[in-house]
Amino acid sequence: MNLNKILLYTAGSLFLIFLFITAGALAKGKAHPGEGLTKISDATDKQSTAFTAKKHPAFSKIGQLRISTQKDGSESSVVIITPVLEYVAEDESFYEELDKKTNTIRNLIKSYFASMTLKQINQKGENQIKQELLEIVNSILVLQKIEKIYFDDFQIL
């Protein structure tokens, strides 16, 4: 008998053994196909919501903004921020409202910083700025209100 036939019989025998073992486990109810597997969409959702570990949805489509401040003396500064808006409940219609008003929200945030000097921004501090921006953004929203504003990026150049 040549080597190829021996390998073929061995592979076929192993296949049949695995087939019978699997069939027996399924028949006894011990096998649970697919158990413990994660759907691709679940893994993607977990990665995209890593920021919202507290189960609060976050809206981050505003992106990074670069805003020139009022001149303080002879020069102005540039503020670079990436705001993230956190709201209370999973609400698809509210998310759609935020999505539709993204440009308006961007413009409100830009106007807020553009109306101040570097000295005024430093005097207010990040927490007061967040609170004021929260009130400004919430004033244009209808379906729900933003609970918190975070800055992924907050730089003044």
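**Figure 1. The two faces of strand β2 in the predicted model.** Strand β2 has a covered face formed by L65 and I67, and R66 and S68 make up its uncovered face. The model shown here and in the other views is predicted. Strand β2 pairs with strand β3 (residues 78-87) in the antiparallel sense. Four bridges join β2 and β3. At one of these positions, S68 has V78 of β3 as its bridge partner.

**Figure 2. The salt bridge between K61 and D99**. Side chains of opposite charge can pair when their charged atoms come close. A search of the whole structure finds four salt bridges. K61 and D99 form one such pair, with their closest N and O atoms 3.4 Å apart. This pair links distant parts of the chain, the two residues being 38 residues apart. K61 lies in the loop between β1 (58-59) and β2 (65-68), while D99 belongs to helix α3 (residues 92-100). K61 is partly exposed, with a relative accessibility of 42%. D99 is also partly exposed, at 36%.

**Figure 3. The salt bridge between E97 and K101**. The closest N and O atoms of E97 and K101 are 3.0 Å apart. E97 has a relative accessibility of 9% and therefore counts as buried. K101, at 21%, counts as partly exposed. The cut-off between the two classes is 20% relative accessible area.

**Figure 4. The salt bridge between E126 and K130 in helix α5**. The side chains of E126 and K130 meet with an N to O distance of 3.2 Å. Both residues lie in helix α5 (residues 118-138). They are four residues apart, which is about one turn of the helix. E126 is partly exposed, with a relative accessibility of 35%. K130 has a value of 19%. Buried means under 20%, so K130 counts as buried.

**Figure 5. The surroundings of K130 in helix α5**. This view stays with K130, the buried residue of the previous legend. Apart from its neighbours within four places in sequence, K130 is in contact with I149, Y150 and F151. K130 also has its salt bridge with E126, a residue of the same helix, α5.

Terms used
Residues are numbered from 1 along each chain as its sequence is written. This is a predicted model: local features need pLDDT of at least 70, side-chain atom pairs count only at pLDDT 80 or more; totals for chains, interfaces and linings use all residues. Side-chain values use heavy atoms; hydrogens and water are left out. Buried means under 20% relative accessible area, exposed over 50%, partly exposed in between (1.4 Å probe, protein chains only). Contact means heavy atoms within 4.5 Å. Two strands pair if DSSP finds at least two bridges between them.
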